[in-house]
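Trainee: I should like to examine how the labels applied to a ligand site and to pockets are justified. May we take them in turn?

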Amino acid sequence: MEIKDLLRDNIKALKPYSTARDEYQDQADIFLDANENAHGSATEKAYNRYPDPKQALLKERISQIKGIPPRHIFIGNGSDEAIDLLIRAFCEPKRDNIIVLPPTYGMYEVAAAINAVTVKKVPLAPDFQLDLDSIAEQVDAQTKIIFICSPNNPTGNAIDPRDVEVILNNFEGIVVVDEAYINFSRQSSMIRELTEYPNLVVLQTFSKAWGLAGLRVGMAFASLPVVEVLNKIKSPYNISQPSQEEALEALNSLEKVNNWIKDIVRERNKLANVLAQLDFVVKVFPSDANFLLVQVKDADKMYTYLLENGVIVRDRSKLEECKGCIRITIGTTQENQRLIDLLQQFNTL
Ligand SMILES: *Cc1c(COP(=O)(O)O)cnc(C)c1O
């Protein structure tokens, strides 16, 4: 399989926009090439210069931490940008399709719909693992991307990597493994598999474990042809200067982040045990993420009760494949304790 044969024809032919900074990157004394304001910024901090369109410093640092060469790294305005760009690069509107595996992250479907790309849905098996036979049945000549979320949102479980490899070995298209929650998982990242599979794209993000959802910085790791095409079609300055600076700084705080992860995992396991004791809880699903999916007897009633007490959780009970389920993000120890107190009161209502 050749990655470039999978691309849309217009994308193959596309000549990307060339920024002032693409055409001249070396040192100079005076920059009069990009129509910036040479006086400075209307803010205290100076942002009057366009940011590095290639995010070289940030990629260099990510490369050191992840053990992946910078040219295999794409940085997006959140991983949501990478999802959208992958669909735009590989899926011809009104002709091609993608496969998603519900219940899962909603953005794959929305990004496809925006691009007039058909979505084929193959529900996960009852244990929320892949239904390989049904996936194989749904693949046709127009199927360009299969999105696998592991650990999966909203179910919380990691997908068996052996099943992912079956798909990588058999599917003649792009396989996206969305690892937004990988830091909370016992499962290791599929990043190590990148050298073997040119069609594998691994998504990670600064939005969850790193605590930087507000910055909008996501990463895609992939083979050269995939990263090159994403870079070719992204908007030139997709990562703002402050986002590049803050993300770079965050990468010096590995120890702090690792301590948070340990804390969140410990709190998750504690909350799972408490929830399992409550009468109105039908099932607590095993989680490899920073949230728990909980099936309860009356999701509407529990959701409203928590809301009235100032706690917002995510009501997933209307999703076909997780009827009666509520998704609870793990908070601080105090927040979790408040939730536990409320739920124990609810139990006696
Ligand atoms: C939160 C989340 C993301 C993160 O998206 P960003 O755009 O990087 O904030 C990606 N995938 C899944 C499954 C998520 O739950």
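Trainee: What makes the pairing of an oxygen atom of the ligand with the side chain of Arg216 a polar contact?

Mentor: The model before us is predicted. In it, an N or O atom in the side chain of Arg216 is 2.6 Å from an oxygen atom of the ligand. The cut-off for a pair of N or O atoms is 3.5 Å, and 2.6 Å is within it, so the pair is called a polar contact.

Trainee: How much of the ligand does the protein bury?

Mentor: The ligand taken alone exposes 390 Å², and the protein buries 93% of that area.

Trainee: What is the distance from an oxygen atom of the ligand to an N or O atom in the side chain of Thr205, and what is it for Ser207?

Mentor: For Thr205 the distance is 2.6 Å. For Ser207 it is 2.6 Å. Each value is within 3.5 Å, so the label of polar contact applies to Thr205 and to Ser207.

Trainee: Which residues come nearest to the ligand, of the 13 around it?

Mentor: They are Tyr181, Thr205, Ser207, Lys208 and Arg216. A residue is placed around the ligand because one of its heavy atoms lies within 4 Å of it.

Trainee: How do the residues of this shell divide by class?

Mentor: The shell holds 4 nonpolar, 5 polar and 4 charged residues.

Trainee: Let us turn to the pockets. What volume has the largest pocket, and which residues are closest to its centre?

Mentor: Its volume is about 450 Å³. Of the 20 residues that line the largest pocket, Tyr50, Pro51, Asp52, Pro53 and Gln241 are the closest to its centre. Helix H3 (20–23), helix H4 (56–66) and helix H10 (241–250) are the elements that give two or more residues to this lining. The largest share, 4 residues, comes from H10.

Trainee: Why is Tyr50 counted as nonpolar in that lining?

Mentor: The classes are assigned by residue type, and Tyr is listed as nonpolar, so Tyr50 falls there. By these classes the lining of the largest pocket has 9 nonpolar, 4 polar and 7 charged residues.

Trainee: How much space lies in the second largest pocket, and which residues are closest to its centre?

Mentor: About 330 Å³ lies in it. Its lining has 15 residues, of which Lys66, Ile182, Asn183, Ser189 and Gln204 are the closest to the centre. H4 and helix H11 (254–276) each give two or more residues to the lining, and H11 gives the most, with 4 residues. By class, this lining has 7 nonpolar, 7 polar and 1 charged residues.

Notes. Residues are numbered from 1 along each chain as its sequence is written. This is a predicted model: local features need pLDDT of at least 70, side-chain atom pairs count only at pLDDT 80 or more; totals for chains, interfaces and linings use all residues. Side-chain values use heavy atoms; hydrogens and water are left out. A polar contact is a pair of N or O atoms within 3.5 Å; within protein, one must be able to donate a hydrogen and the other to accept it, and residues adjacent in sequence count only if both atoms are side-chain atoms. Accessible areas come from the Shrake-Rupley method with a 1.4 Å probe; for residues, only the protein chains shown count as cover. On a 1 Å grid over the protein atoms alone, a cavity is a set of points where a 1.4 Å probe fits but cannot get out, and a pocket is an open set with protein on both sides within 12 Å along at least five of seven lines; lining residues have an atom within 4 Å of a point. Grid points are joined across faces, edges and corners, and a volume is the space filled by probe spheres set on the points.
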